[in-house]
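Here are my notes from going through this one, point by point. Have the viewer open as you read.

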Amino acid sequence: MRRIYSLLLVTALLTSGAAAALAHAFLDHALPAVGSTSHGSPPELRLWFTQELEPAFSTVKVVDASGKQVDKGDASVDPQDRKLLKVSLPPLAPGSYKVMWRVTSVDTHTTSGSFPIQIVP
C-alpha cells in the first residue's frame with residue numbers, strides 16, 4: 001500500500017512540473033486594445049502578457065500601412081511589471097497600423113503575434 005501512495009505522489013509531482021514547463025507567454029490584453037479604433041494618437045502602446053518576459057529577447061514594433069516602422073524604437077519590458085511590454089509612439093496620422101510582437105518568457109519559450117489598430121481624428 002505504501003508503494004502505491006509513493007507512486008501516486010511521484011506521478012503527481014512529475015505531472016505538475018510538466019504543466020509548468022510547457023507554459024508560454026501569451027498576449028493577455030493591450031492598450032490600445034487589439035483591433036480597436038483609437039480617437040487621436042496614443043502616446044504609448046502597452047501589451048500585457050500571461051507570464052513575465054525576458055527583456056533582452058522581447059520586442060514590439062508598430063508599422064504603418066506601407067510597412068514602415070512608426071514607433072520610437074524604444075520597446076522595453078517594464079521593470080516594475082515584467083509582464084508589461086511597451087513602446088513610445090510619436091503623434092500618428094489617422095490610418096491603419098499593425099502591431100507586431102515577439103516575446104520570450106522567463107521560462108525561455110518564445111511566442112509572437114500581430115494585430116491591427118486604427119487611428120481616427
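1. Start with the β4/β7 pair: strand β4 (residues 59-64) runs antiparallel to β7, and 6 bridges join them. To find the register, look for Thr 59 opposite Arg 102 and Val 62 opposite Val 99. Keep in mind throughout that this is a predicted model.

2. On its other pairing, β7 meets β8, again in the antiparallel sense, over 10 bridges. Tyr 97 facing Ile 117 in β8 is a handy landmark here. The two strands make a hairpin with 5 residues between them.

3. The turn of that hairpin deserves a look. Thr 108 sits in the loop between β7 (95-104) and β8 (110-120), and its phi is near 80 degrees, a positive value in a residue other than glycine. Most residues other than glycine have a negative phi. Is Thr 108 buried or exposed? Thr 108 counts as exposed because its relative accessibility is 63%, where the cut-off is over 50%.

4. Zooming out, these strands belong to an open sheet of 4 strands in the order β2-β8-β7-β4, with mixed pairing. The edges are β2 and β4, each of which pairs on one side only. From one strand to the next the twist averages 30 degrees.

5. Now to β6, which I'd look at with some care. How many residues of β6 are buried? The count is 5 of 5, so the strand is largely enclosed by the rest of the structure. In a regular strand the side chains alternate between the two faces of the sheet. In β6, Leu 84, Lys 86 and Ser 88 point one way while Leu 85 and Val 87 point the other way, and all of them are buried.

6. The partners of β6 are worth tracing too. β3 runs antiparallel to β6 and is joined to it by 5 bridges, with Trp 48 opposite Leu 84. Strand β5 (residues 76-77) also pairs with β6 in the antiparallel sense, over 2 bridges, and there Ser 76 stands opposite Lys 86. A hairpin through 6 residues connects β5 to β6.

7. Lys 86 comes up again in the salt bridges, of which the structure holds 2. Lys 86 pairs with Asp 78, with the closest N and O atoms 3.1 Å apart, and both residues are buried. The other bridge brings together the side chains of Glu 44 and Arg 46 at 2.6 Å, N to O. What about the exposure of this second pair? Glu 44 counts as partly exposed because its relative accessibility is 23%, and Arg 46 is also partly exposed, with a relative accessible area of 29%.

8. Next, the packing. The largest nonpolar core has 21 residues, and Leu 45, Leu 47, Phe 49, Val 60, Val 62 and Val 99 are those with the most contacts inside it. Elements giving two or more residues to this core are β3 (44-49), β4, β6 (84-88), β7 and β8. The largest share, 4 residues, comes from β7. Val 62 and Val 99, both on that list, are the ones facing each other across β4 and β7.

9. Leu 45 is a good residue to centre the view on. Leaving aside neighbours within four places in sequence, its contacts include Val 60, Val 62 and Val 99, as well as Leu 85, Lys 86 and Val 87. Leu 31 and Pro 32 are also among the residues Leu 45 touches.

10. That last pair has something to check: the peptide bond from Leu 31 to Pro 32 is cis, with omega near -5 degrees. Most peptide bonds are trans. Pro 32 lies in the loop between β1 (27-31) and β2 (37-39).

11. Finally, the overall numbers. The protein chain has 1 helix and 8 strands, in the sequence pattern α-β-β-β-β-β-β-β-β. Of its 121 residues, 31% count as buried. Among contacts between residues at least 6 apart in sequence, 60% join residues at least 24 apart. The accessible surface comes to about 7,400 Å², with 60% of it belonging to carbon and sulfur atoms.

Technical notes
Residues numbered from 1 in each chain as written. Predicted model: local features only at pLDDT ≥ 70, side-chain atom pairs only at ≥ 80, totals over all residues. Heavy atoms only, no water. Buried < 20%, exposed > 50% of the residue type's maximum accessible area, 1.4 Å probe, protein only. Pairing = 2+ DSSP bridges. Axes fitted to C-alpha atoms, helices over the stretch in contact; angles between N-to-C directions. Contact = heavy atoms within 4.5 Å. Areas by Shrake-Rupley, 256 points an atom, 1.4 Å probe, with all protein chains shown as cover. Salt bridge = Lys/Arg side-chain N within 4 Å of Asp/Glu carboxyl O. Core = buried A, V, L, I, M, F, W, Y, C linked by side-chain atoms within 4.5 Å.
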